[in-house]
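I opened a fresh page to keep track of what I look up here. Let me put the structure up and go through it entry by entry.

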Amino acid sequence: MTLVTARDLAVGYGGRPVLEGLTFSVEPGERVGVLGPNGGGKSTLVRALLGELTPLAGRLEVAVRCSVVPQTERSRLDYPVTALDVALMGSLSRLPWWRRPGRGERRSALEALAAVNLADLAATPFGELSGGQRQRVLVARALVQDAGLVLLDEPFTGVDAASAEVLAALIDRLAAGGRGVLVATHDVDQARGFDRVLCLNGRQVAFGGPEVLTRSVLEETYGGAIVAVPEGADGQPARGILPAHHHEHGHDHE
Amino acid sequence: MSEAWNWLSEPWGQAFMQHAFTEVVLIGVLGGWLGCWVLLYGVSYSAESLSHGMFPGLVGASLLGLPLIAGGAVGAGAAAAGIAGLGSARGIDRDTSVGVVVTSLFGLGALLALAPDSPPGIQELLFGDVLAVSKRDLLVTALIAIPLLAVLWTLHERLLAVGFDRAGARAIGVSPRPVELIVLLLVAAAVVVSVQALGSLLVVAVLVAPAACARLLTHRLGSMAVVSSVFAIAGGIGGLYLSYYAGTAGGASIALCLVGAYLAVLAADAALRGRAIPLIR
């Protein structure tokens, strides 16, 4: 069963497309790296997959429930919740509004925290965790949601090397369990390690296996503003460097 | 020892003090718990605006001899409608519309209350009269407070999820708008129910001060709500003692105790952490 099918999809806000010409699919067990500059449409794609935006043109079919692992900078660090409270939020989508999470939900939240190696920090306030640990708590929340498609929004931003390794292993495990995993990232090297890559810059620049990440595709993706692309050992460009003056546009979040 | 005991127990021998005690416990549990969400959702200004904006409703009820709660409810509804109506006009932002509507309504209330043929008792509307709470008032308070507490209990995790990450709430199956609307409706109802005891000017104290105290002392919402309610009840009882022995106004004494407790906790927190400027966790 194909998890996501997009055909000539255009999505945007107020009738104005932010992202056009999307034709891609996600199969179970696939890890898809989503590359693009800030404001290039990554967050818009996430909102479209969640069903928050209706297509302006084309077709989008999402066959499974989606869960999102947002950037942790967006959540409030002074908020009075523990890691367990956050993981438990993943159970809300399966409960009617008058039902509170009960013992069964607590158990699955604790199991999810154990799966991201944070069982011993379940009672720790979310804001006191490191950036990488917070990211893992949010992955645990996605596990509790038990979604067929997991969307991670730049999970490696501001995360130390050790946590990044744990996160990368988690992404592999999510996919190995038959889920589709979409990872928005700035790290071209990392995207090369995924099964598929989707390059966005207001439109779909490329979609396919990692071999589509040629220098010209990367330049088109990042607006031709890559000033320094060190050559990798295989002669391929090793890293995309973002122009510093690109800003996130205000419409990415509500 | 027995002298201290007498001092402590003496006020509660009288029926009006027993009623006042029950009223501050009910309002304390509701205000303390709901206050946590007032703080976390950043709606303190809305709470204060509602309580001031309902003033003409209170005056009207008092002139017509209707229950204060009915006047308060009508007044709060009119204030909310006015704010929403003016806020949707072009070129007027939300803060401005709240400011305009609330000061107009409060002025209107004062005009009515200070008219020569108005009955005396305006202080009661501004500052409440917890010592005049009757058995029937208590019943009304309980009948309103208990369903509100049930809503808070039932929606706990959803309130938590929306406050934690509003933009991401929909992705975990919680719509933020209805949840935020419910918080405002709960605040309006709590203000209406507390106005008899604390009056239009002081009611916001029970919604903000205990929760602010609890925020300094806890880092989980469950414990924050418990600590906040305990503070609110303790402040209420402390205020009743103050009022009884110093002969001060009940509502004002309670507000003073609540804010005093907050300042004491703030200072203790700052001293314990060795900081000059306390940071709110």
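How many helices and strands does chain A have? I looked, and chain A has seven helices and nine strands. A reminder to myself before going on: this is a predicted model.

**Entry: chain A overall**

I checked burial next, and 43% of the 254 residues of chain A count as buried. I then took the contacts in chain A between residues at least 6 apart in sequence, and found that 68% of them join residues at least 24 apart.

**Entry: where the chains meet**

How many residues does each chain bring to the contact? I noted 27 residues from chain A and 23 residues from chain B. On the side of chain A that touches chain B, strand E5 (66-69) and helix H2 (83-88) of chain A are the elements that give two or more residues. I sorted the residues on this side of chain A as well, and they divide into 13 nonpolar, seven polar and seven charged.

**Entry: two loop residues with positive phi**

I keep in mind that most residues other than glycine have a negative phi. With that on the page, I looked up two residues of chain A.

Asp146(A) has a phi near 55°, a positive value in a residue other than glycine. I placed Asp146(A) in the loop between helix H4 (131-145) and strand E6 (149-153) of chain A. Asp146(A) has 15 C-beta neighbours inside 10 Å, so I put it down as partly exposed.

Glu154(A) is not a glycine either, and its phi is positive at about 45°. I found Glu154(A) in the loop between E6 and helix H5 (161-176) of chain A. Is Glu154(A) buried or exposed? Glu154(A) is buried, because 22 other C-beta atoms lie within 10 Å and the cut-off for burial is 20 or more.

**Entry: the largest nonpolar core**

I recall that in soluble globular proteins, nonpolar side chains tend to be buried together. Here the largest nonpolar core holds 158 residues. Which of them touch the most other members? I listed Ala87(A), Ala140(A) and Leu151(A) from chain A, with Leu34(B), Cys36(B), Val187(B) and Val191(B) from chain B. H11(B) gives the most to this core, with 25 residues.

I followed up on Cys36(B). Not counting residues up to four places away in sequence, Cys36(B) touches Ala211(B), Ala214(B), Leu221(B), Met224(B), Ala225(B) and Ser228(B).

**Entry: H2(B) against H11(B)**

I like to recall that two packed helices are described by the angle between their axes and the distance between the axes. For helix H2 (residues 15-40) and helix H11 (residues 176-217) of chain B, I noted that the axes come within 6 Å and cross at roughly 60°. H2(B) and H11(B) are therefore oblique to each other. The crossing of H2(B) past H11(B) is right-handed. I counted up the residue types in the contact of H2(B) with H11(B): 20 nonpolar, four polar and two charged.

Val206(B) deserved its own lines, and I found it in helix H11 of chain B. Val206(B) counts as buried because it has 33 C-beta neighbours inside 10 Å. How far apart are Val206(B) and Gly28(B) in sequence and in space? They are 178 residues apart in sequence and 7.1 Å apart in space, C-alpha to C-alpha. Leaving aside its neighbours within four places in sequence, Val206(B) is in contact with Ile27(B), Gly31(B), Ser194(B), Leu198(B), Ala232(B) and Leu258(B).

**Entry: H4(B) against H6(B)**

My other helix pair was helix H4 (residues 55-64) and helix H6 (residues 94-113) of chain B, with axes that come within 7 Å and cross at roughly 25°. That angle makes H4(B) roughly parallel to H6(B). I wrote down a left-handed crossing for H4(B) past H6(B).

Which residues meet? From H4(B) I have Phe55(B), Pro56(B), Leu58(B), Val59(B), Gly60(B) and Leu63(B), and from H6(B) Leu105(B), Phe106(B), Leu108(B), Gly109(B), Leu112(B) and Ala113(B). The residues of this contact divide into ten nonpolar, two polar and no charged.

**Entry: Gly53(B)**

My last stop was Gly53(B), which is found in helix H3 (residues 44-53) of chain B. Gly53(B) counts as buried, with 30 C-beta neighbours inside 10 Å. I noted Ser104(B) at 8.3 Å from Gly53(B), C-alpha to C-alpha, with their places 51 residues apart in sequence. Leaving aside neighbours within four places in sequence, the contacts of Gly53(B) include Gly75(B), Ala76(B), Ala79(B), Val101(B), Val102(B) and Leu105(B).

Conventions
Residues numbered from 1 in each chain as written. Chains lettered and ligands numbered in written order. Predicted model: local features only at pLDDT ≥ 70, side-chain atom pairs only at ≥ 80, totals over all residues. Axes fitted to C-alpha atoms, helices over the stretch in contact; angles between N-to-C directions. Helix = DSSP H or I, 4+ residues; strand = E, 2+ residues; numbered from the N terminus. Parallel < 35°, antiparallel > 145°, perpendicular 65-115°, else oblique. Left-handed = near helix turned anticlockwise from the far one by under 90°. Nonpolar A, V, L, I, M, F, W, Y, C, P; charged D, E, K, R; others polar. Contact = placed C-beta atoms within 7 Å. Core = buried A, V, L, I, M, F, W, Y, C linked by C-beta atoms within 7 Å. Buried ≥ 20, exposed ≤ 12 C-beta atoms within 10 Å, placed from the backbone.
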